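Please work through the following exercises with the sequence and the coordinates at hand. Each task is followed by a solution in steps.

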Amino acid sequence: MKIQVVADVLEANDRIARQNRAIFDSHGLYVLNLMSSPGAGKTTLLEKTLGSLPDLRVGVVEGDIATDADAQRIDALGVPVVQINTGGGCHLDGNMVRQGIDALPLAELDVVIVENVGNLVCPAEFQVGEDDKVMILSVTEGHDKPLKYPLMFSESSLLLLNKIDLLEHTDFSIDKASADSRALNPGIGIIELSCRNGAGMDQWLSWLRGRVHAKRGG
Amino acid sequence: MHELSIARGIVSTVEEIAAGRRLGQVKHIKVQAGEMLGVVPESLSFCFGFAAEGTRAAGARVDIEIVPAEGLCETCGSHFELNSYSYTCPCGSRSFQMISGKELRVVEVETV
């Protein structure tokens, strides 16, 4: 017997993500899903960001295949953090984040930043209950990435072009990367950033504060 | 390796369909996967074999149809295929809505 159906395979994950979102909303929390390739600067961005937001109480969910090295870096800043090891999995999903957030003092936080597993492909497919997806592309990775890995660029609210202090040593074209990203996602915000020398950090922090306040106001 | 997560998702989707309709053993499943997801069919079939062990879908064959990414041009109104290296309508416009290419769904289940 053949049965015709239209059943969304990611629906089970999306359902859990919606439940996570309801939990976050009940606490008035703004949640950001931070994604990039390995080594693009996610944890460094977090370290710099956490030190620059005295007015906001931030919690962090760290996703890595193995080790708690990143969580230790965040913990050293005195920020509530929970490490999720995916044990080989290439992304965080709704269920993993659900288990992680139980260990965070949600009632005492304004913002939760979920640092996804370093991977330019799969994290973009799995909702975790976030308000926004933000991605980092570092200039050393090359400007061809939006067209080669289109899904993440098309799903993200904001693209951070990191390591611009190294721009002169690369062939990276900011114009090409920006134009291709906007072709995939006309609404995407783009900020040029250097976590190392601080360029663009004010713009990023102001974007983040704006989103947090918009969520509270809404 | 997102194929393993996707394979698990397909198994639970098929289990839900089968439970809801009181179906028995499943022998064949058709899946549509959008081109944007970058699913490797061979890898997905391989992972599915493990993910389905001990379920009604154990041993089932999975056919994976890759759905091309298509845009609807906001300038000239035509449908066009999004090519990996140029997200541009043949009319030259880069303003479009993506109408397919991100889907991941089970479209047919065949029982023994």
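The exercises below concern a predicted model, and they proceed from the overall build of chain B to one sheet, one residue and the nonpolar cores.

**Exercise 1. Overall build of chain B**

Determine how many helices and strands chain B has, in what order they run, and how the radius of gyration compares with that of a compact globule.

Solution.
- Step 1. Chain B contains two helices and six strands. Read from the N terminus, the order of these elements is α-β-α-β-β-β-β-β.
- Step 2. For 112 residues, a compact globule would have a radius of gyration near 13 Å, whereas the value for chain B is 17 Å.
- Step 3. The C-alpha trace of chain B extends over about 50 × 30 × 15 Å along its principal axes.
- Step 4. Of the 112 residues in chain B, 46% are buried. Among contacts in chain B with a separation of 6 or more, 71% are between residues 24 or more positions apart.

**Exercise 2. The sheet around strand 3 of chain B**

Establish which strands pair with strand 3 of chain B, and in which direction they run.

Solution.
- Step 1. Strand 3 (residues 70-73) is joined by three bridges to strand 4 (residues 79-81) of chain B, and the two run antiparallel. One bridge partner pair here is B:Gly71 and B:Phe80.
- Step 2. Five residues separate strand 3 and strand 4 of chain B, which form a hairpin. In the turn, B:Gly77 has a positive phi of about 80°.
- Step 3. Four bridges connect strand 3 of chain B with strand 5 (residues 96-100), again in an antiparallel arrangement. In strand 5, B:Ser100 is the bridge partner of B:Glu70, and B:Phe96 is that of B:Cys73.
- Step 4. The three strands therefore give an open sheet of order 4-3-5 in chain B, with antiparallel pairing. Strand 4 and strand 5 each have a single partner strand and stand at the edges, so one side of each lacks a neighbour in the sheet. From one strand to the next, the twist averages 35°.

**Exercise 3. The two faces of strand 3**

Decide which side chains of strand 3 of chain B are buried and which are not.

Solution.
- Step 1. In a regular strand, side chains alternate between the two faces of the sheet.
- Step 2. In strand 3 of chain B, B:Gly71 and B:Cys73 point to one face and are buried. B:Glu70 and B:Leu72 point to the other face and are not buried.

**Exercise 4. The setting of B:Ser100**

Is B:Ser100 buried or exposed, and which residues is B:Ser100 in contact with?

Solution.
- Step 1. B:Ser100 belongs to strand 5 of chain B.
- Step 2. The relative accessibility of B:Ser100 is 14%, so this residue counts as buried; the cut-off for buried is under 20%.
- Step 3. Beyond its neighbours within four places in sequence, B:Ser100 is in contact with B:Val67, B:Pro68, B:Ala69 and B:Glu70.
- Step 4. A polar atom of the B:Ser100 side chain lies 2.9 Å from the backbone oxygen of B:Pro68.

**Exercise 5. The nonpolar cores**

Identify the residues with the most contacts inside the largest nonpolar core, and the element that gives the most to this core.

Solution.
- Step 1. The largest nonpolar core comprises 58 residues, and B:Ile10, B:Ile29, B:Phe48 and B:Val106 have the most contacts inside it.
- Step 2. Helix 1 (residues 2-20) of chain B gives the most to this core, namely seven residues.
- Step 3. Outside its neighbours within four places in sequence, B:Ile29 is in contact with residues including B:Ile10, B:Val14, B:Phe48 and B:Val106.
- Step 4. A second, separate core has 28 residues, among them A:Tyr30, A:Leu45, A:Val134 and A:Leu208.

How values were computed. Residues are numbered from 1 along each chain as its sequence is written. Chains are lettered from A and ligands numbered from 1 in the order in which they are written. This is a predicted model: local features need pLDDT of at least 70, side-chain atom pairs count only at pLDDT 80 or more; totals for chains, interfaces and linings use all residues. Side-chain values use heavy atoms; hydrogens and water are left out. Buried means under 20% relative accessible area, exposed over 50%, partly exposed in between (1.4 Å probe, protein chains only). Axes are lines fitted to C-alpha atoms, for helices over the stretch in contact, and angles run from 0 to 180 degrees between N-to-C directions. A polar contact is a pair of N or O atoms within 3.5 Å; within protein, one must be able to donate a hydrogen and the other to accept it, and residues adjacent in sequence count only if both atoms are side-chain atoms. Contact means heavy atoms within 4.5 Å. A nonpolar core is a set of buried Ala, Val, Leu, Ile, Met, Phe, Trp, Tyr and Cys residues joined through side-chain atoms within 4.5 Å. The radius of gyration is taken over C-alpha atoms; the globule rule is 2.2 Å times the number of residues to the power 0.38.
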